[in-house]
Amino acid sequence: MSHTRQILHVIGDLDGYGLTRQLEMLVVEQLATGHDVGIVALRANPQVAAMFHQRGARCRALDRRWQRDPFAAVRLAGELRQSNCDVLHLWGQNAIDYTRIVRHCFPTRPTLASLGNRTVLGSRSVSPITPGIATREAPILSRTEFLAEQELADDSLLIAVAGPLIREQQIDEAIWYFELVRTLDERVRLLVFGDGPDRHRLERFSRLASKPSAIRFLGYRTDYHPLLPYADLFWQTALTTDALPQSVLEAMGARVPVVANDGPGCRAVIRDGDTGYL
């Protein structure tokens, strides 16, 4: 019998996309093996947090309000001080940055990170883990049924964006670009998968910038990944970083053409004009 470990995951945004998908796959396996798993999220979608609770993982949201939120850092320090975990796993740059700030508040422990490059956390080296994606899931709805659900014509051309609706995702930029594309073909529709604090602002902006029926905000959908292959194009709109966006891997895995910002992470997997566009 394997030794039961206490594992604590710290993630920036528990939003149901990107790193959250990797975290979900890993947590399911860890719980099945009998480990004690806890999750601390700087910011969390309540539906996603409830899903982890139902699976048996303890989940705490720190309600981060700003990119650099001192109150969230204080709450994180308290969580780390109280934890007796055997392994600390950091997901994404925000989790690494916040943990670096409060690193003196908790004892040294083995630390992993999900970034593809080696990162130094204080005096400790963080072991990187290569990102992965789940296998394709069978869709609950056919493309025809999905279009009917959204009241879209059968000949609609679908552009998808996905992720937390926060300023860093630059969804407002996608709305501007979409309106330019729509002048070339009236059949094009923009589908925005995800939720977050900027949703109402973006919905208001979309009504001002484009035809109201042309942009659909679908919120957080548990069936996003089975629906993804129905998109004719996927846009990765977030600010460029060294990390590889999980959404890009998922779109490529679903054989959906990708247009992504030209950053080191995306250049690692996309050959411009061949396997996608930068």
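Helices and strands are taken here as DSSP runs, of at least four residues for a helix (H or I) and at least two for a strand (E), and are numbered from the N terminus. The structure described is a predicted model. On this basis, Glu-151 falls in the loop that joins α5 (143-149) to β8.

The backbone at two loop positions was examined. Most residues other than glycine have a negative phi. Glu-151, although not a glycine, has a positive phi of about 55 degrees. The relative accessible area of Glu-151 is 70%; as the cut-off for an exposed residue is over 50%, Glu-151 is classed as exposed. Gln-170 likewise is a residue other than glycine with a positive phi, near 55 degrees. Gln-170 belongs to the loop between β8 and α6. With a relative accessibility of 21%, Gln-170 counts as partly exposed, since the class of buried residues is limited to values under 20%.

The strand β8, which follows the loop of Glu-151 and precedes that of Gln-170, is part of an open sheet of five strands. The strand order is β10-β9-β8-β11-β12, and the pairing is parallel. The edges are occupied by β10 (215-219) and β12 (258-260); each has a single partner strand, so one side of each lacks a neighbour in the sheet. On average, and with direction ignored, neighbouring strands of the sheet are turned by 25 degrees against each other. Strands of a sheet pair through backbone hydrogen bonds. At the β12 edge, β11 (residues 233-236) pairs with β12 in the parallel sense over three bridges, and Gln-236 stands opposite Ala-260 in β12.

Helix α6 (residues 171-182) lies across four strands of this sheet, namely β8 (157-162), β9 (188-193), β10 and β11. The helix runs at about 165 degrees to β9.

The second largest pocket was also characterised. The space in this pocket amounts to about 350 Å³. The lining consists of 19 residues, of which Arg-21, Glu-24, Glu-137, Tyr-220 and Thr-222 are the closest to the pocket centre. At least two lining residues are supplied by each of α1 (19-32), α2 (46-55) and α8 (224-227). The largest share, four residues, comes from α1. Sorted by class, the lining of the second largest pocket contains eight nonpolar, five polar and six charged residues.

Conventions:
Residues numbered from 1 in each chain as written. Predicted model: local features only at pLDDT ≥ 70, side-chain atom pairs only at ≥ 80, totals over all residues. Heavy atoms only, no water. 1 Å grid on protein atoms, 1.4 Å probe; cavity = no way out; pocket = protein on both sides within 12 Å on 5 of 7 lines; lining within 4 Å. Points joined across faces, edges and corners; volume = space filled by probe spheres on them. Nonpolar A, V, L, I, M, F, W, Y, C, P; charged D, E, K, R; others polar. Pairing = 2+ DSSP bridges. Axes fitted to C-alpha atoms, helices over the stretch in contact; angles between N-to-C directions. Contact = heavy atoms within 4.5 Å. Buried < 20%, exposed > 50% of the residue type's maximum accessible area, 1.4 Å probe, protein only.
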